[in-house]
Each structure stands twice: as structure tokens, then as C-alpha cells.
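Here is a friendly walk through a protein–DNA assembly, written for someone who likes to see which atoms meet which. Have the viewer open and follow along.

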There are 2 protein chains.
Amino acid sequence: MTKTTYTIQEVSQLTGLTAHTLRYYEKISLIRGIERDANGYRLYSESDVAWLEFLIRLRETGMPIQEMIRFSSLRSEGETTVRQRRELLELHERSIRSQLADLYCHLGKIEEKIIHYKQLEEEHG
Amino acid sequence: MTKTTYTIQEVSQLTGLTAHTLRYYEKISLIRGIERDANGYRLYSESDVAWLEFLIRLRETGMPIQEMIRFSSLRSEGETTVRQRRELLELHERSIRSQLADLYCHLGKIEEKIIHYKQLEEEHG
DNA sequence: GTATCGTTTAGAGCGCGCTCTAAGGCAAGC
DNA sequence: GCTTGCCTTAGAGCGCGCTCTAAACGATAC
């Protein structure tokens, strides 16, 4: 039988988010409907953790929090919003591809600069 | 004869940085030794503009401003710091490659999610 | 001469995404 | 019953990278 709930500290360790940030994400509706135990302590489910990991992915790929809140809001409306969520995600996919292209371009220029410095070092160093 | 100096507005248009940001970059020593005309107005040279474009590249690849200031400081010390600048740049190159790898990984996961949504749409939509 | 620009400076303010504080509650250990 | 410790909340504070304001100055237009 696999464990089905996690305390805020456990989720913090699993996700790398601090307990402060986990409460903050709930306050701004990035994550919703977290259960509570008899003391009012948060109890996160497996699917809550999976959702947090997805949020982290969106953040690390540059999605602004407002857009993530929009996504979370669609998700809470249920199955009827699947298409809108897919479209939002496809838009974001294009943003990531564009970031990748920009980074490659920058990388090339920086490599050129490094080569330039190496030549300077050979000439004068 | 090619134009050799630019006003702050011209540099703003060339680089996309606002005049405010250009003054700010000078205040924090990201760019140094900008000439002045008789009225005390800034006069940027071609090489100032090239340096700004390099700074923009560093920033767009995630280098923190403190590290950019360090780079600018080394540059102002002259030729003897070429090696240190190259090393700093090589460190940054590795950072960019790591960003690229992470982005690719995230992209893959997001594509999977999109496929998952498409399946949901076929089943229930 | 005066109104309109664009410039200068020092320094305040802002938006983002957290990050932390204060004050209080419950539970277990001694 | 008191200490320790982790939890709760509302709300203040922070670091980054700008972004803007206020006050003053000089050049040009009329």
C-alpha cells in the first residue's frame, strides 16, 4: 500500500519548494483544494505533488505566474476546459522553442567571443 | 565617413534599452567612460554600442548583473585581464549549455502533456 | 522673453516571485 | 503544567532589474 498523503515538509523536500512558497502558491490559487487533518494541517495527495511538479516545469520554462493561475483556474473547471488548456500549452511550447533558438544564437556569439579572447591571449599573453 | 557618435536617444533605438536604463547601466558601472558634449550630454561611440549589445546578450542568457559588473570591471583594467574574462565567459558558456539541456527536457515533458490532452479530447470531446 | 524640448542628476517607486515575521494553536515529552 | 516544535494565518519585507519623478539647465522656435 503506497502512502497517499504528505505533510507540507514532505512536499517541500519532494519538490524543492519551501513551505512558505507552498502556502503562497495556495493563497494565489496556483494549487487548490488541499485537504486538512484534524489540526488544520495541510495534507497533500500524490496528484497535488504531480501538479506542483508540473507548475515548477512551467515556471522554469518562463511562464509568468498570472498565466499559470489561468491554467490552474481552467483545470479547476474540469474536463470541459481540456481543449483550452491544450491550446495554452501549445502556445507555451512555441515560446520554449523560441527561447531555445535565442539561446543557441547567443551561445554561438559567446563562443566567438571566447575564440577572440584566446587569439588575444596568444598574441599578447 | 561613418558616424562616430550617438546621442542617448539614438543608442536607445539601436539597442532597445530605454534612456533611463542606459543611465542606470552607467551608474552601476556596467558601461564606463561615456564622452560628453559641450552641454554635458552623453555621446556614445560605436564601441560603446557594441559593448551594450554584448551586455544585452549576457543578460538575455541569464547572467546576473553583479557578474556583468565584474566583467565590466575586468574590461576596464585592460589587456592584462583577458584571460580572466575568457574564463568567466567559459563558465557562462557552460551555464547556457545547461540551460539548453534543461529547456529541452522541459519541452519534452510539455509535449507529452499536450499529447495527453489530445487523447482526452478524443475520448471525451 | 517665454514656451517647448530634450537633456542632466539624485533618488524614490515598482512588479515579480517569493521570503519572512508575528502571533497564536495543538501535541508530545518530561 | 511547561517547554519544544511544527503548524496556522495575515500581512510586511526583500532582491532584482529596472522605471519613473522632480528639479534644474541649455538650445531652439516664435
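In this predicted model, Arg42(A) places a polar side-chain atom 2.7 Å from a phosphate oxygen of DNA strand D. The side chain of Arg42(A) also meets that of Glu26(A) in a salt bridge, with 2.6 Å from N to O. That pair links distant parts of the chain: Arg42(A) sits in strand β3 (residues 42-45) of chain A and Glu26(A) in helix α2 of chain A, 16 residues apart.

Two other residues of chain A are worth a look on this strand. Gln9(A) has a polar side-chain atom 3.2 Å from a phosphate oxygen of DNA strand D. Lys27(A) reaches a base instead: an N or O atom in the side chain of Lys27(A) is 3.2 Å from a base nitrogen of DNA strand D. The elements giving two or more residues to the surface near DNA strand D are α1 (8-15) and α2 (19-27) of chain A, together with α2 (19-27) of chain B.

Which element gives the most to the surface near DNA strand D? It is α2(B), with four residues. There are 16 residues around DNA strand D, and those that come nearest are Arg23(A), Arg42(A), His20(B), Tyr25(B) and Arg59(B). By type, the residues of this surface divide into six nonpolar, five polar and five charged. Of the atoms of DNA strand D within 4 Å of the protein, 70% belong to sugar or phosphate, and bases make up the rest.

Now for the other strand. Around DNA strand C there are 17 residues, of which Tyr25(A), Asn39(A), Arg59(A), Gln9(B) and Arg42(B) come nearest. Asn39(A) has a polar side-chain atom 2.8 Å from a sugar or linking oxygen of DNA strand C. Ile65(A) takes part through its backbone, where a polar atom is 3.5 Å from a phosphate oxygen of DNA strand C. From chain B, the side chain of Gln9(B) brings an N or O atom to 3.1 Å from a phosphate oxygen of DNA strand C.

On this side, the elements that give two or more residues to the surface are α2 of chain A, together with α1 (8-15) and α2 of chain B. The most comes from α2(A), with four residues. The surface near DNA strand C divides into seven nonpolar, five polar and five charged residues. Sugar or phosphate accounts for 67% of the atoms of DNA strand C within 4 Å of the protein, and the rest belong to bases.

Here are the contacts with the DNA side by side.

| Protein residue | DNA atom | Distance |
|---|---|---|
| Gln9(A), side chain | phosphate oxygen, strand D | 3.2 Å |
| Lys27(A), side chain | base nitrogen, strand D | 3.2 Å |
| Arg42(A), side chain | phosphate oxygen, strand D | 2.7 Å |
| Asn39(A), side chain | sugar or linking oxygen, strand C | 2.8 Å |
| Ile65(A), backbone | phosphate oxygen, strand C | 3.5 Å |
| Gln9(B), side chain | phosphate oxygen, strand C | 3.1 Å |

Next, the contact between the protein chains. How many residues does each chain bring to it? Chain A gives 34 residues and chain B gives 34 residues. The size of an interface is often given as the accessible area lost when the parts come together. Between them, chain A and chain B bury about 3400 Å², with 73% of it on carbon and sulfur atoms. Arg57(A), Leu103(A) and Tyr117(A) supply 19% of the area that chain A buries against chain B, more than any other three residues.

Charged pairs are part of this contact too. The count between chain A and chain B is six salt bridges, while the structure holds 17 over all chains. Arg97(A), for instance, forms a salt bridge with Glu111(B), their closest N and O atoms being 2.3 Å apart. Eight residue pairs between chain A and chain B are in polar contact, both residues being at pLDDT 80 or more.

Which helices of chain A each supply at least two residues of the side that touches chain B? They are α3 (46-60) and α5 (82-124). The largest share, 27 residues, comes from α5(A). The residues on that side of chain A divide into 15 nonpolar, five polar and 14 charged.

Finally, a word on the sheet in chain B. Three strands form an open sheet in the order β1-β3-β2, with antiparallel pairing. Its edge strands are β1 (5-6) and β2 (35-36) of chain B, each pairing on one side only. Two bridges join β2(B) to the antiparallel strand β3 (residues 42-45) of chain B. Within β3(B), Arg42(B) is the bridge partner of Arg36(B), and Arg42(B) is also among the residues that come nearest to DNA strand C.

Definitions and conventions. Residues are numbered from 1 along each chain as its sequence is written. Chains are lettered from A and ligands numbered from 1 in the order in which they are written. Side-chain values use heavy atoms; hydrogens and water are left out. Contact means heavy atoms within 4.5 Å. Buried area is the accessible area (1.4 Å probe) that two parts lose on being put together, summed over both. A salt bridge is a side-chain nitrogen of Lys or Arg within 4 Å of a carboxyl oxygen of Asp or Glu. A polar contact is a pair of N or O atoms within 3.5 Å; within protein, one must be able to donate a hydrogen and the other to accept it, and residues adjacent in sequence count only if both atoms are side-chain atoms. Ala, Val, Leu, Ile, Met, Phe, Trp, Tyr, Cys and Pro count as nonpolar, Asp, Glu, Lys and Arg as charged, and the others, Gly among them, as polar. A residue is near a molecule or strand if one of its heavy atoms lies within 4 Å of it. Two strands pair if DSSP finds at least two bridges between them.
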